[in-house]
Amino acid sequence: MEYNYKGISPESIELLCLNCFNDSKPFYEEHKEEIKQGITVPLRQMVLDLSDLLYDIDDKMYLDPVRAVSRIARDTRGHRSKLKYRENMWVFFRRYKKEYPSAPFYYFEFYPNSYGYGLVFWTWKASDFRLVHKMIMEQPKRFLKAVKACADAGFSFETWGDPYKKEVYPDAPKELKPFLLAKNFGFSYKAYDMQRINSPEIINEMRLAFDVARPMYEFMIEAHTRMMQEGLIKPEE
């Protein structure tokens with residue numbers, strides 16, 4: 001299959017880093033089109049190349065190539081770092097966030113020396129994530145099969161923030177406890193061979209991994225649907 005995405009070159013990543021280092025609007029304006037063609041456009045092409053698979057996984061995916069890709073310019077409000085421009089970029093593959101806040105999502109990201117992709121589910125309120133724990137206890141075999149699917153996709157379990165100290169399900173099977181103590185979690189792959197993203201082959205790699213991890217996305221999106229049905233999460237006005 002021929003893809004739109006042809007790669008992100010080391011030279012383009014170097015320019016992105018140089019733009020961040022200079023932290024200068026005149027420098028950015030001088031190189032804006034070059035950065036766009038070398039970084040932003042390929043990431044938008046990535047969205048197009050994955051869209052058929054992602055729509056098959058979830059027909060409610062909102063895959064606008066412009067909105068799915070992060071911006072070069074940073075929004076510095078509320079951040080300690082006041083750097084105007086970023087040296088890392090990402091793509092989120094998810095449902096429309098205003099209609100489906102906190103929905104689980106697939107992602108791709110890269111930094112100057114690494115790249116990664118995977119599947120994440122987190123909620124603004126940690127208490128909302130208790131419903132995920134409840135579903136795990138209701139359907140432990142299904143969940144463990146989904147965990148195995150993520151391992152088969154090359155993903156590793158990941159969580160952010162401190163886990164709960166008190167167990168709500170002390171009698172749960174040992175293999176479930178890391179997930180039951182997590183306030184959010186995801187499954188991710190990380191690599192350091194940057195030549196991989198300088199080739200359309202990364203699209204084949206991601207298509208396979210996202211498809212293999214489909215059972216976990218289906219579990220997560222079902223949990224999110226239940227959260228919305230129970231009023232824990234509501235669409236934005």
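1. A good place to start is the pairing of Phe-92, whose bridge partner in S3 is Tyr-107. This is a predicted model, and in it S2 and S3 run antiparallel to one another, joined by five bridges.

2. Between strand S2 (89-95) and strand S3 (105-111) there is a loop, and Lys-97 lies in that loop. Is Lys-97 buried, partly exposed or exposed? Its relative accessible area is 48%, so Lys-97 counts as partly exposed, given that the partly exposed class runs between under 20% for buried and over 50% for exposed. Lys-97 also joins Arg-67, Arg-71 and Lys-98 in forming a positive surface patch.

3. Stepping back to the whole sheet, you will find six strands in an open arrangement, ordered S1-S2-S3-S4-S6-S5 and paired in the antiparallel sense. Which strands stand at the edges? They are strand S1 (61-62) and strand S5 (156-158); each has a single partner strand, so one side of each has no neighbour in the sheet.

4. Strand S6 deserves a look of its own. Five of the seven residues in S6 (residues 185-191) are buried, so the rest of the structure largely encloses this strand.

5. Do follow the partners of S6 as well. Strand S4 (residues 114-121) pairs with S6 over seven bridges, in the antiparallel sense, and Gly-118 stands opposite Ser-188 of S6. S5 is also antiparallel to S6, with three bridges between them; here Glu-158 stands opposite Gly-186 of S6.

How values were computed
Residues numbered from 1 in each chain as written. Predicted model: local features only at pLDDT ≥ 70, side-chain atom pairs only at ≥ 80, totals over all residues. Heavy atoms only, no water. Patch = residues over 30% accessible without salt bridge, like charges linked within 9 Å, V, L, I, M, F, W, Y side chains within 5 Å. Areas by Shrake-Rupley, 256 points an atom, 1.4 Å probe, with all protein chains shown as cover. Salt bridge = Lys/Arg side-chain N within 4 Å of Asp/Glu carboxyl O. Lys, Arg positive; Asp, Glu negative; His and termini not counted. Charge placed at Lys NZ, Arg CZ, Asp CG, Glu CD. Helix = DSSP H or I, 4+ residues; strand = E, 2+ residues; numbered from the N terminus. Buried < 20%, exposed > 50% of the residue type's maximum accessible area, 1.4 Å probe, protein only. Pairing = 2+ DSSP bridges.
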